[in-house]
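I opened this entry to keep track of what I looked up. I wanted the overall fold before any local detail.

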Amino acid sequence: MVSDKELILKVVLVGDTGVGKTSITRRFVHGVFVEGYKGADFTRISNRELDFGGRRISLSIFEIGGQEKFRFGENILYRGSDGIMLVFDITSEESFEGLRDWFEQIRSSLSKDVPLILVGNKYDLASLRRVPKERAVDYARSIRVDYLESSAKTGKNVIMAFYKLVEKILSTPKYRT
Ligand code: G3D
Ligand code: MG
């Protein structure tokens with residue numbers, strides 16, 4: 001039976017505190033950037049509907065709070081995830097180094113074939129860059145994921161990052177039509 005039922009996908013943003021998970025999500029959901037918005041880095045959920053090649057999709061966007069990094073082994077917050085956006089800040093080497101622990105946690109919590117994308121945020125601050133693009137590209141290659149640089153401030157590549165992730169999710173056997 002053909003159904004026009006909305007497909008609900010759970011996507012999760014992870015990365016150290018301050019990398020811009022909330023700002024990326026706000027940019028994507030509300031189209032705005034709120035300067036100097038000091039939100040606590042808690043786990044949050046928001047939603048956005050989108051049309052993907054005629055398919056109605058409702059994205060449940062989870063931001064996993066920075067403090068969750070210190071939980072070792074399986075983390076139930078990932079349960080049911082369809083895709084993961086691994087975020088760091090290109091002006092913070094520490095946030096890039098932090099990816100290792102996040103990646104390990106994802107691997108302990110989810111099956112290996114859950115789609116993942118790596119995002120280097122704060123591209124508008126490229127003059128303060130601490131993580132050379134080649135380094136990020138090399139890392140992305142080593143974990144076999146795509147790499148994008150975004151700015152929640154200007155909006156660059158924010159929609160693209162979500163679309164690329166959704167595209168990857170929809171190409172997995174679970175969702176392929
Ligand atoms: P988090 O949810 O990952 O913890 P936030 O990160 O979204 O709260 O962002 C942390 C800080 O980085 C915020 O600044 C926010 O405005 C800033 N930020 C997020 N994305 C960008 C970006 O693309 N460019 C620039 N220039 N700044 C960004 P404050 O000052 O509130 O700490
Ligand atoms: Mg946050």
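My entries below go from the whole chain to the pocket.

Entry 1, model. I am working from a predicted model, and I read every value below as computed from it.

Entry 2, secondary structure. I looked up the elements and found five helices and six strands. I then followed them along the sequence, where they run β-α-β-β-β-α-α-β-α-β-α. I checked the radius of gyration next: it is 16 Å, close to the 16 Å that the globule rule gives for 177 residues, so the protein is as compact as a globular protein of that length.

Entry 3, extent. I took the box of the C-alpha atoms along the principal axes, and it comes to roughly 55 × 35 × 30 Å.

Entry 4, burial and contacts. I find that 48% of the 177 residues are buried, that is, under 20% relative accessible area. For contacts between residues at least 6 apart in sequence, I note that 74% join residues at least 24 apart.

Entry 5, surface. I noted an exposed area of about 9,500 Å² for the protein, with 52% of it supplied by carbon and sulfur atoms.

Entry 6, pocket. I looked up the largest pocket and wrote down a volume of about 470 Å³. I see 23 residues in its lining, and G18, G20, S23, Y37 and K122 are the closest to its centre. Which helix gives the most to the lining of the largest pocket? I found helix α1, residues 21–30, which contributes three residues. By type, I sorted the lining of this pocket into nine polar, seven nonpolar and seven charged residues.

Definitions and conventions: Residues are numbered from 1 along each chain as its sequence is written. Chains are lettered from A and ligands numbered from 1 in the order in which they are written. This is a predicted model: local features need pLDDT of at least 70, side-chain atom pairs count only at pLDDT 80 or more; totals for chains, interfaces and linings use all residues. Side-chain values use heavy atoms; hydrogens and water are left out. On a 1 Å grid over the protein atoms alone, a cavity is a set of points where a 1.4 Å probe fits but cannot get out, and a pocket is an open set with protein on both sides within 12 Å along at least five of seven lines; lining residues have an atom within 4 Å of a point. Grid points are joined across faces, edges and corners, and a volume is the space filled by probe spheres set on the points. Helices (H or I, at least four residues) and strands (E, at least two) are DSSP runs, numbered from the N terminus. Ala, Val, Leu, Ile, Met, Phe, Trp, Tyr, Cys and Pro count as nonpolar, Asp, Glu, Lys and Arg as charged, and the others, Gly among them, as polar. The radius of gyration is taken over C-alpha atoms; the globule rule is 2.2 Å times the number of residues to the power 0.38. Buried means under 20% relative accessible area, exposed over 50%, partly exposed in between (1.4 Å probe, protein chains only). Contact means heavy atoms within 4.5 Å. Accessible areas come from the Shrake-Rupley method with a 1.4 Å probe; for residues, only the protein chains shown count as cover.
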